[in-house]
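User: Hey, can you walk me through this one? I'd like to start with the ring pairs and then move on to the interface.

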Amino acid sequence: MRIHLDRDKCIGSGQCVLAAPEWFDQDEDGIAVVLVESVPEKEWDEVNRAAYTCPALAISLGSE
Amino acid sequence: MDRTPQCPLDLPVELRELAERSPVSRVRIWDGSTAWLITGYAEARAVLTDPRASSDQRLPGYTFAAPQAKAFHTRNRSMPTVDDPEHAYLRRMVTADFSHRKAEALRPVFQRTVDELVDAMLAAGNTADLFADLAVPMSSKAICEVLGVHHSEGERFAALGRIMAVPGSPDAVHSRVVEDMRALLGSLVRQARTEPGDGVIGHLVRAGELPDEEIIATALLVMAAGHGATAHMTTLGTMALLTHPDQLALVRDSRDPAFIANAVEELLRYLSVAHLGRRRVAKEDLEVAGVLIRKGEGIIVATDTANHDPRAFDGDPDALDLHRDARHHLAFGFGVHQCLGQQLSRVLLQVVYGTLYRRIPTLELAIPVDQISYKLDLAIYGVNELPVKW
């Protein structure tokens, strides 16, 4: 699974970092960044949760 | 809406009945007008992320929660009352101060604050009012820290904060109190113009993009939105735990930060203290669960009811279950207007719940539970006094 993040949509809620800290962080302006784009299957739950709880719907998940 | 006196933490019966019938209902509100009430979880998410559902309070059809809210927000135009792109422009200027990392960095500061307040409670005897002696000063100090209010001004800030901590009350929106707070924040902004410190005010001054008046409006928003909600979550959360002793024991005996964090999410969901709904107005026609909402019609998203939607939460959503996975709750709202201070609020609540019952394991209510009086008409549901003993 591959993470796509639309940084223009991000509102800096921090929800992705809370849900999946191994995959997301916030830069010095508080806007989300993806740490690793490619997610192995055993980590899908965390990353799915990050996408689901993103209030700005800025995260989409696609196939590799 | 009234709640059943015997079950003060349950949703109002009327709201529950509407939710059982349909996730979208037509309702009549306090000023005689009608609006759409969204009670379903999926429908709430859909409306709150739909750009056609506007937060602009100047648009005709916008439904205010109460006359006081109308007066306050008409005077104080800020982030929650405008749409993108204006909203995004204002929010981006302060996102750095409310990030997950920033909140975690403040954890030791919040811990010290809570420890000092609990020390003072213990030193003063074996009774306290949890709202006035812990929740309000804790929340006030945390907001001073976030805004960058100097300690010399802290007392004056706290005094005004005590009044504003009862959001929506005639006193809290009383123009004199708000004007006093505005004047205090104004002097802080002017000080920061010569010597910008840390915190939201200093950062906005350094950024150099906003005039004083707009920096004051942002600071006032942080104060008005964050202070009361966190204070009431602390008090009402404690009340909920004291009346659910099995759940209280789980928090008191846990040394696992992940469990405390989960407990905070469940308490946020269960209590949903922002209980008057998120208000929107349709800028264009939109359809929700097969219902057509026409341009100009008001929408009230009942996030408290959505947080009790059995389609969205496992088990019995009306029960408090600290082991439940409730992390997708809407207590902080959803969409681009979701609470700016949520990560700070989470950390502060984790600190206070994780500390208070551990340090005072014999904590109990000092009055019978049916003598507690609730504030139904305020923007944040809560009790403005919680006598406790140990």
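Analyst: Sure. For the ring pairs, rings of Phe, Tyr and Trp (its six-membered ring) pair if their centres lie within 6.5 Å. Keep in mind that this is a predicted model.

User: OK, how many aromatic pairs are there over all chains?

Analyst: The search of the whole structure turns up 4 aromatic pairs over all chains. One of them is B:Tyr41 with B:Phe313, which is edge-to-face, with 5.6 Å centre to centre and 80 degrees between the planes.

User: Where do B:Tyr41 and B:Phe313 lie in chain B?

Analyst: B:Tyr41 lies in helix 2 of chain B, while B:Phe313 is in the loop between helix 14 (303-306) and helix 15, so the pair ties together parts that are 272 residues apart in sequence.

User: And is B:Tyr41 buried or exposed? Same question for B:Phe313, buried or exposed?

Analyst: B:Tyr41 has 3% relative accessibility, so it counts as buried. B:Phe313 counts as buried too, at 2% relative accessibility.

User: What about B:Tyr353 and B:Tyr357, what kind of aromatic pair do they form?

Analyst: B:Tyr353 and B:Tyr357 are stacked, with 6.4 Å centre to centre and 15 degrees between the planes. They sit 4 residues apart in helix 15 of chain B, so about one helical turn separates them. Both B:Tyr353 and B:Tyr357 are buried.

User: Cool. Switching to the interface: how many residues of chain B are in contact with chain A?

Analyst: On the chain B side, 20 residues are in contact with 22 residues of chain A.

User: And what area is buried between chain B and chain A?

Analyst: About 1800 Å² is buried between chain B and chain A, and carbon and sulfur atoms give 47% of that.

User: How many salt bridges between chain B and chain A?

Analyst: There are 2 salt bridges between chain B and chain A. One of the salt bridges joins A:Asp25 and B:Arg101, with the closest N and O atoms 2.4 Å apart.

User: How many residue pairs are in polar contact?

Analyst: Between chain B and chain A, 15 residue pairs are in polar contact, counting those with both residues at pLDDT 80 or more.

User: Which helices of chain B supply at least two residues of the side that touches chain A?

Analyst: Helix 2 (41-48), helix 4 (86-92), helix 5 (100-105) and helix 15 (342-359) each do. The largest share, 3 residues, comes from helix 15 of chain B.

User: Last one: how do the residues on that side of chain B divide into nonpolar, polar and charged?

Analyst: The side of chain B that touches chain A has 4 nonpolar, 9 polar and 7 charged residues.

Terms used: Residues are numbered from 1 along each chain as its sequence is written. Chains are lettered from A and ligands numbered from 1 in the order in which they are written. This is a predicted model: local features need pLDDT of at least 70, side-chain atom pairs count only at pLDDT 80 or more; totals for chains, interfaces and linings use all residues. Side-chain values use heavy atoms; hydrogens and water are left out. Contact means heavy atoms within 4.5 Å. Buried area is the accessible area (1.4 Å probe) that two parts lose on being put together, summed over both. A salt bridge is a side-chain nitrogen of Lys or Arg within 4 Å of a carboxyl oxygen of Asp or Glu. A polar contact is a pair of N or O atoms within 3.5 Å; within protein, one must be able to donate a hydrogen and the other to accept it, and residues adjacent in sequence count only if both atoms are side-chain atoms. Ala, Val, Leu, Ile, Met, Phe, Trp, Tyr, Cys and Pro count as nonpolar, Asp, Glu, Lys and Arg as charged, and the others, Gly among them, as polar. Rings of Phe, Tyr and Trp (its six-membered ring) pair if their centres lie within 6.5 Å; planes under 30 degrees apart count as stacked, over 60 as edge-to-face and the rest as tilted. Buried means under 20% relative accessible area, exposed over 50%, partly exposed in between (1.4 Å probe, protein chains only).
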